[in-house]
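Visitor: Please show me the structure, and then let us go through its fold by question and answer.

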Amino acid sequence: MESLEGHLLIASPKLLDPNFFRSVLLIVHHNDEGAFGLVLNRPLEMSVRDAWLRVSETSCEVKGVLHQGGPCEGPLMVLHSREELSQVGVLSGVHFTTEKEAIERLVSENEGDMRFFVGYAGWAGGQLERELETGSWVPLPASTEHVFEGGDDQWSSVMRSIARAATMPWIDPKIMPEDPSMN
């Protein structure tokens, strides 16, 4: 089994589970025992600042929204760009933490890229591999742009880029008309 840590999982159009319909996940951890990821494109209506005021008396300078990371309950989780506050390195420029002290520094200093999550997606050993075999997910190497710049339409955007990449080998630029509308 090849680990998918640092990869995106894009829900295929046939995946109708409402928890994952048209979702884009980042796999934070993946080995023989299972996998753990966060849904990147499920913003909640609650801001990070409003959520922080409910659990802490320290200041919060973050203005972004909280995201629903998946259907499983868990602690407050952060994907961020600050290596010195990393609990787990996910990919170059993307780090993960649930550690209280690190999160307190992230919200008070508000430096670098950050995304905050409640909930996560989890798979038992072999479960994700079976879902991949049935075509429920399309894996794709992730980038910092996918993690920190994806918006509500991230699923459509990533699916279009996958389709372009898949068709490019069959397009011969020698036979393309100057004006594509003439095709």
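Visitor: In what order do the 5 strands of the open sheet lie?
Guide: This is a predicted model. In it, 5 strands form an open sheet with antiparallel pairing. Read across the sheet, the order is β10-β3-β2-β1-β11.

Visitor: Which are the edge strands?
Guide: An edge strand here pairs on one side only. From one strand to the next, the twist averages 30°. The strands that pair on one side only are β10 (121-124) and β11 (137-141).

Visitor: Which residue of β11 is the bridge partner of His7?
Guide: Strand β1 covers residues 7-11 and runs antiparallel to β11. The two strands are joined by 5 bridges. In β11, the bridge partner of His7 is Pro141.

Visitor: Which strand gives the largest share of the largest nonpolar core?
Guide: The largest nonpolar core has 33 residues. Leu26, Leu79, Trp123 and Trp137 have the most contacts inside this core. Another core, of 14 residues, lies apart from it and includes Val48 and Leu85. The largest share of the 33-residue core is 5 residues, and they come from strand β2 (residues 24-31).

Visitor: Why do the buried residues of α1 line one face of the helix?
Guide: In helix α1 (residues 48-55), the buried residues are Val48, Ala51 and Trp52. They line one face because, seen down the axis of α1, they fall within an arc of 100°.

Visitor: Which residues are exposed on the other side of α1, and what do its buried residues pack against?
Guide: On the other side of α1, the exposed residues are Leu53 and Arg54. The buried residues of α1 pack against β4 (43-47), β5 (65-68), α2 (100-109) and β9 (114-118).

Notes: Residues numbered from 1 in each chain as written. Predicted model: local features only at pLDDT ≥ 70, side-chain atom pairs only at ≥ 80, totals over all residues. Heavy atoms only, no water. Core = buried A, V, L, I, M, F, W, Y, C linked by side-chain atoms within 4.5 Å. Buried < 20%, exposed > 50% of the residue type's maximum accessible area, 1.4 Å probe, protein only. Helix = DSSP H or I, 4+ residues; strand = E, 2+ residues; numbered from the N terminus. Arc of directions from axis to C-beta. Contact = heavy atoms within 4.5 Å. Pairing = 2+ DSSP bridges. Axes fitted to C-alpha atoms, helices over the stretch in contact; angles between N-to-C directions.
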